[in-house]
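Colleague: Please take a close look at one part of this model, the pairs of oppositely charged side chains, and explain to a first-year student where they sit in the fold.

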Amino acid sequence: MKIRIQGNSVRYRLTRSEVATLKQDGYYKEQTAFNGKNFTYAVAAKENISNLQAEFQGDTITLFLPKNESIKWPDNERVGYENKMVLNDGQVLNLLLEKDFVCLDERTEDQSDNYPNPAATTKK
């Protein structure tokens, strides 16, 4: 799972197995260590919501996806979900949760678990 944060925007990208784990377990997380403290980012299926939501508690950012969507997502063509969440102070937090596609340019990272990029063309 990858996270990108800029200003009031949070974007997660999940591989195939991560989307499958979210469907099966209702939860997936990653951690980054910082000298005795961990920064955690997670995605969780949640009942009784209709859009993406987020919270930041205990050094963890959690994106919440409606549970019914988490069950359908691995088996459909939907790329992702997005929402503009209004915070208690009136600010807007932009949320985006996407399937992670193979990059079109060469990368050194392992992309074997990423979704095929629909923009890729097959050479014959």
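Modeller: A residue is called buried under 20% relative accessible area, exposed over 50%, and partly exposed in between (1.4 Å probe, protein chains only). The model is predicted, so local features need pLDDT of at least 70 and side-chain atom pairs pLDDT 80 or more, while totals for chains, interfaces and linings use all residues. Residues are numbered from 1 along each chain as its sequence is written, and side-chain values use heavy atoms, without hydrogens and water.

It is helpful to begin with the chain as a whole. The chain has two helices and eight strands (DSSP runs numbered from the N terminus: H or I of at least four residues for a helix, E of at least two for a strand). Read from the N terminus, the order of these elements is β-β-α-β-β-β-β-α-β-β. The chain comprises 124 residues, and 34% of them count as buried.

We now turn to the charged pairs. Seven salt bridges are present in the structure (each a side-chain nitrogen of Lys or Arg within 4 Å of a carboxyl oxygen of Asp or Glu). Side chains of opposite charge can pair in this way when their charged atoms come close.

Consider D59 and K37, which form a salt bridge whose closest N and O atoms are 3.6 Å apart. D59 belongs to the loop between β5 and β6 (60–66), whereas K37 belongs to strand β4 (residues 37–46), so this pair ties together parts that are 22 residues apart in sequence. The two partners can also be described by their accessibility. D59 has a relative accessible area of 31% and is therefore partly exposed. K37 has a relative accessible area of 52% and is therefore exposed.

The strand that carries K37 deserves a further remark. Strand β3 (residues 27–34) is joined to β4 by eight bridges, and the two strands run antiparallel. Within this pairing, T32 of β3 has F39 of β4 opposite it. The strands β3 and β4 form a hairpin with two residues between them. In the turn of that hairpin, N35 has a positive phi of about 40 degrees.

Beyond β4 comes the loop that leads to β5, and L52 lies in this loop. L52 is buried, since its relative accessible area is 2%. The C-alpha atoms of L52 and F64 are separated by 5.5 Å, although these residues are 12 residues apart along the chain.

A second group of charged pairs involves E69. The side chains of E69 and K72 meet in a salt bridge, with 3.3 Å from N to O. Both residues belong to helix α2 (residues 67–72), and because they are three residues apart in it, about one helical turn separates them. E69 also meets R78 in a salt bridge, with 3.9 Å from N to O. As regards accessibility, E69 is at 16% and therefore counts as buried. K72, by contrast, is at 42% and counts as partly exposed. R78 is likewise partly exposed, with a relative accessible area of 40%.

A third group is a network of salt bridges that links R11, R13 and E98. To place this network, one may look at strands β2 (residues 9–14) and β8, which run parallel and are joined by six bridges. Here Y12 has L97 in β8 as its bridge partner.

These two strands belong to a wider arrangement. Four strands form an open sheet in the order β1-β2-β8-β7, with mixed pairing (two strands pair if DSSP finds at least two bridges between them). Strands β1 (2–6) and β7 (80–86) stand at the edges with a single partner strand each, so one side of each has no neighbour in the sheet. Strands of a sheet pair through backbone hydrogen bonds, either parallel or antiparallel.

In summary, three examples may be kept in mind. The pair of D59 and K37 connects a loop with a strand. E69 has salt bridges with K72 and with R78. R11, R13 and E98 are linked in a network.
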